[in-house]
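Here is a quick tour of a single protein chain, written for someone who likes to look at the atoms while reading. Have the viewer open as you go.

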Amino acid sequence: MNIALTHVGWMLDNKVNVDTQSYIDQMKKIYVMDTATISKADLFTSVAVTLLVIACGVGFLWWVIAACTYLLRGWFDKVPLLHGPYWRKMFLALLIILLVATGSVYVLLGQLYDLMVTTGWASS
């Protein structure tokens, strides 16, 4: 944080002029979007996201039912409530459901793919 503030202070002291429009023009030349490819992938991504949302909803509903059932069975002394392996499995299942539902898994996979491209393991 201190380095960033020092850099901003240096820019203000030396009156560095950042030409925003030329930067945007350069970015448009580098990152050209192919709208035909995007529109072809639109149907696929819409269906995939819909199925993913339904799967996450069903998975979360299953998780809540399983947890409540286990708690009720524990209440009636059928199973021990503090059974470590069961709660670890349930925590892991909830973590996977939430990571997929929030999109964190896809961000991590995208960063991994970008790393593979930069190191030469995959082609872009």
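## Two cysteines

Let's start with a cysteine. At 41% relative accessibility, Cys68 falls in the partly exposed class. Cys56, by contrast, is buried, with a relative accessible area of 12%. Looking for disulfides through the whole structure turns up 0 of them. Keep in mind that this is a predicted model.

## Overall layout

What does the secondary structure of the protein chain come to? The tally is 5 helices and 0 strands, so going by the definition of helix runs numbered from the N terminus, the order reads α-α-α-α-α.

The protein chain has 124 residues, and 11% of them count as buried. About 10800 Å² is exposed, with carbon and sulfur atoms supplying 72% of that area. As for contacts with a separation of 6 or more, 38% of them link residues 24 or more positions apart.

## The nonpolar core

As a general rule, nonpolar side chains in soluble globular proteins tend to be buried together. Here, the largest nonpolar core has 10 residues: Trp63, Ala66, Ala67, Tyr70, Val79, Tyr86, Met90, Ala93, Leu94 and Ile97. Two elements give two or more residues each to this core, namely helix H3 (35-75) and helix H4 (84-102). H4 provides the largest share, with 5 residues.

Tyr70 is a good core member to click on. Leaving out residues up to four places away in sequence, Tyr70 touches Val79, Pro80, Leu81, His83, Tyr86 and Trp87. Among these partners, Val79 and Tyr86 also belong to the core.

Ile97, another core residue, gives a handle on the spacing to Val58: the two are 39 residues apart in sequence, with 9.8 Å between their C-alpha atoms. Val58 sits in helix H3. Is Val58 buried or exposed? It counts as exposed, because its relative accessibility is 54% and the cut-off for that class is over 50%.

## An unusual backbone angle

Where does Asp77 lie? Asp77 is found in the loop between H3 and H4. Its phi is positive, about 60°, although it is not a glycine. For background, most residues other than glycine have a negative phi. The Asp77 residue is also exposed, with a relative accessible area of 70%.

## A nonpolar patch on the surface

Not every nonpolar side chain in this model is tucked into the core, and one group is worth a look. Which residues form a nonpolar patch on the surface? They are Tyr106, Leu109, Leu112, Leu115, Met116 and Trp121, and together they have about 680 Å² of accessible area.

Leu109, one of the patch residues, has its place in helix H5, which covers residues 104-119. Leu109 has a relative accessible area of 49%, so it counts as partly exposed.

How values were computed. Residues numbered from 1 in each chain as written. Predicted model: local features only at pLDDT ≥ 70, side-chain atom pairs only at ≥ 80, totals over all residues. Heavy atoms only, no water. Patch = residues over 30% accessible without salt bridge, like charges linked within 9 Å, V, L, I, M, F, W, Y side chains within 5 Å. Areas by Shrake-Rupley, 256 points an atom, 1.4 Å probe, with all protein chains shown as cover. Salt bridge = Lys/Arg side-chain N within 4 Å of Asp/Glu carboxyl O. Helix = DSSP H or I, 4+ residues; strand = E, 2+ residues; numbered from the N terminus. Buried < 20%, exposed > 50% of the residue type's maximum accessible area, 1.4 Å probe, protein only. Core = buried A, V, L, I, M, F, W, Y, C linked by side-chain atoms within 4.5 Å. Contact = heavy atoms within 4.5 Å. Disulfide = S-S within 2.5 Å.
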